[in-house]
Amino acid sequence: MNIIVTGGAGFIGSNFIFHMLEAHPDYRIICLDKLTYAGNLSTLKSVMDKPNFRFVKLDICDRAGVYKLFEEEKPDIVVNFAAESHVDRSIEDPSVFLQTNIIGTSVLMDACRKYGIKRYHQVSTDEVYGDLPLDRPDLFFTEETPIHTSSPYSSSKAGADLLVMAYHRTFGLPATISRCSNNYGPYHFPEKLIPLMIANCLNDKPLPVYGEGLNVRDWLYVEDHCKAIDLVIHKGRVGEIYNIGGHNEMKNIDIVKLICKELGKPESLITHVKDRLGHDMRYAIDPTKIHNELGWLPETKFADGIKKTIKWYLDNRGWWEEIISGEYQNYYKKMYADRGSSDI
Ligand code: NAD
Ligand code: TYD
């Protein structure tokens with residue numbers, strides 16, 4: 001099998017590449033990544049020299065480049081992780097989200113149609129369902145929940161999902177979609193909640209919690225997400241959507257307190273800052289379909305996963321310190337100055 005993995009120099013894509021090379025040593029994996037601010041070649045260092053791995057620096061919106069790569073590699077499967085992925089950045093500037101997340105997806109699917117493919121898999125998000133109220137813990141997102149987005153990010157991902165379903169129905173593209181809850185684990189870019197709080201804690205910096213910190217996210221260890229996608233691309237039914245989540249709902253404030261406790265840092269570092277615009281209250285996935293159809297269950301409990309993740313950030317300081325010492329400083333100042341926590 002030849003598999004093109006787009007966005008493989010990012011957080012989940014890189015973990016997926018590690019998983020696939022381990023689980024399917026006979027497969028050839030081609031990573032296509034533009035290396036935006038969120039992509040890091042150093043993340044792929046351990047696999048770069050493997051004979052069945054190839055890295056190609058390319059924008060998924062570059063039609064000629066994408067077609068050339070398909071012609072060269074004749075992929076059996078394409079798994080599309082490439083995206084602009086941070087809600088706060090999409091609030092600052094939606095345009096690149098529309099470009100990469102929607103136009104890029106259409107270019108990849110056009111290449112699949114032109115050159116033929118066994119499977120196109122779109123990595124989507126539970127954020128396309130909007131949010132759930134805090135006072136209705138009985139409600140969960142199922143695959144039938146209507147799309148109802150809040151941010152430019154989630155709207156761009158929803159737009160891509162609609163296009164994927166349209167290509168399946170209109171052109172018969174053998175496509176699947178997975179919609180996962182929030183991931184955490186190694187190589188998570190330090191602009192996102194968990195790695196940002198770990199990095200700030202380790203540097204004794206303020207921990208900027210948006211609003212009261214009562215928003216709920218449904219956290220899943222990244223390896224469990226990768227295993228679920230592996231199952232969907234091999235055994236999932238074409239034209240179907242699969243929700244992925246581990247029933248692990250946590251309030252933001254409780255996560256931040258837990259990180260303080262694990263690192264022996266005082267909760268006085270917590271600073272409540274101005275809330276995110278349009279901030280979704282609660283995400284919660286019902287993973288019954290993927291469990292019943294494909295036998296998937298999450299393997300890593302949050303209590304263990306968060307310890308493993310913190311240990312990874314302690315053991316790999318070089319990876320994230322290099323990131324936060326560069327352009328990230330400007331990003332942080334710009335994003336957090338207005339919110340009342342610019343002291344990086
Ligand atoms: P990330 O931001 O860490 O990585 C994105 C990767 O895509 C980077 O390597 C970047 O260089 C690359 N990229 C961006 N634009 C590109 C372009 N135009 N062409 C080629 N490559 C490009 O993101 P992530 O957290 O790993 O998320 C991966 C996918 O999973 C995204 O599609 C996201 O919507 C989805 N998702 C993420 C989560 C989560 O919790 N992080 C949860 C559910 C779904
Ligand atoms: P994030 O990791 O950006 O993921 P998403 O918005 O896609 O769920 O944020 C997770 C939650 O943490 C979200 O409710 C916003 C909140 N948050 C903070 O309170 N402070 C921060 O500095 C960040 C980045 C996020």
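I will walk through two ligand sites in this predicted model, and then through one helix and a few individual residues.

Let me begin with ligand 1. There are 28 residues around ligand 1, and those that come nearest are Ile12, Asp33, Ser85, Tyr153 and Lys157. Two of these also appear among the polar pairs: an N or O atom in the side chain of Asp33 sits 2.6 Å from an oxygen atom of the ligand, and a polar side-chain atom of Lys157 is found 2.7 Å from an oxygen atom of ligand 1. On the backbone side, Leu35 places an N or O atom 3.5 Å from an oxygen atom of ligand 1. As for how far the ligand is covered, ligand 1 taken alone exposes 840 Å², and the protein buries 97% of that area.

If we ask where the shell comes from, helix 1, covering 11-23, strand 5, covering 119-125, and helix 5, covering 152-171, each supply at least two residues of the shell around ligand 1, with the largest share, three residues, coming from strand 5. Sorted by class, the shell around ligand 1 has 13 nonpolar residues, 11 polar ones and four charged ones.

I would like to stay a moment with Leu35, which was one of the backbone partners of ligand 1. Leu35 belongs to the loop between strand 2 (28-33) and strand 3 (53-57), and, although it is not a glycine, its phi is positive, at about 55 degrees. Is Leu35 buried, exposed or partly exposed? Its relative accessible area is 23%, so Leu35 is classed as partly exposed, and I would remind you that this value takes only the protein chains as cover.

Next, helix 5, which we have already met as a contributor to the shell around ligand 1. Helix 5 has 20 residues and reaches 28 Å from its first C-alpha to its last, which is close to the 28 Å expected at 1.5 Å a residue. Its buried residues are Tyr153, Ser154, Ser156, Lys157, Ala158, Ala160, Asp161, Val164 and Tyr167, and two of the names in that list, Tyr153 and Lys157, are also among the residues that come nearest to ligand 1. What covers the buried residues of this helix includes helix 3 (87-92), helix 4 (95-115), strand 5 and strand 6 (175-180). The residue that follows helix 5 is Gly172, and its phi is positive, near 70 degrees.

Let me turn to ligand 2. Which residues come nearest to ligand 2? Of the 18 residues around it, they are Glu127, Arg217, Arg276, His279 and Tyr336. From the side chain of Arg276, a polar atom lies 2.5 Å from an oxygen atom of ligand 2. Two backbone pairs can be added to this, since I would not want to leave the picture to side chains: a backbone N or O atom of Leu193 lies 2.9 Å from an oxygen atom of ligand 2, and a polar backbone atom of Tyr210 is 2.9 Å from an oxygen atom of that ligand. Taken alone, ligand 2 exposes 510 Å², of which the protein buries 97%.

Helix 6 (193-202) and strand 8 (207-210) each supply at least two residues of the shell around ligand 2, and strand 8 gives the most, with three residues. By class, that shell divides into eight nonpolar, five polar and five charged residues.

I will finish with three residues, starting with Lys289, which lies in helix 9, residues 288-294. With a relative accessible area of 18%, which is under the 20% cut-off, Lys289 counts as buried. Its side chain is joined to that of Glu240 by a polar contact of 2.6 Å, and, residues up to four places away in sequence not being counted, Lys289 touches Glu143, Arg237, Glu240, Ile241, Tyr242 and Leu294.

Asn2 lies in strand 1, residues 2-6, and is likewise buried, at a relative accessible area of 19%. A polar atom of its side chain is 2.7 Å from the backbone oxygen of Glu73, and, its neighbours within four places left aside, the contacts of Asn2 include Arg28, Ile30, Lys74 and Ile77.

That brings us to Lys74, which is found in the loop between helix 2 (63-73) and strand 4 (77-80). Lys74 is not a glycine, yet has a positive phi of about 45 degrees, and, with a relative accessible area of 60%, Lys74 is exposed.

Terms used: Residues are numbered from 1 along each chain as its sequence is written. Chains are lettered from A and ligands numbered from 1 in the order in which they are written. This is a predicted model: local features need pLDDT of at least 70, side-chain atom pairs count only at pLDDT 80 or more; totals for chains, interfaces and linings use all residues. Side-chain values use heavy atoms; hydrogens and water are left out. A residue is near a molecule or strand if one of its heavy atoms lies within 4 Å of it. A polar contact is a pair of N or O atoms within 3.5 Å; within protein, one must be able to donate a hydrogen and the other to accept it, and residues adjacent in sequence count only if both atoms are side-chain atoms. Accessible areas come from the Shrake-Rupley method with a 1.4 Å probe; for residues, only the protein chains shown count as cover. Helices (H or I, at least four residues) and strands (E, at least two) are DSSP runs, numbered from the N terminus. Ala, Val, Leu, Ile, Met, Phe, Trp, Tyr, Cys and Pro count as nonpolar, Asp, Glu, Lys and Arg as charged, and the others, Gly among them, as polar. The expected span of a helix is 1.5 Å times one less than its number of residues. Buried means under 20% relative accessible area, exposed over 50%, partly exposed in between (1.4 Å probe, protein chains only). Contact means heavy atoms within 4.5 Å.
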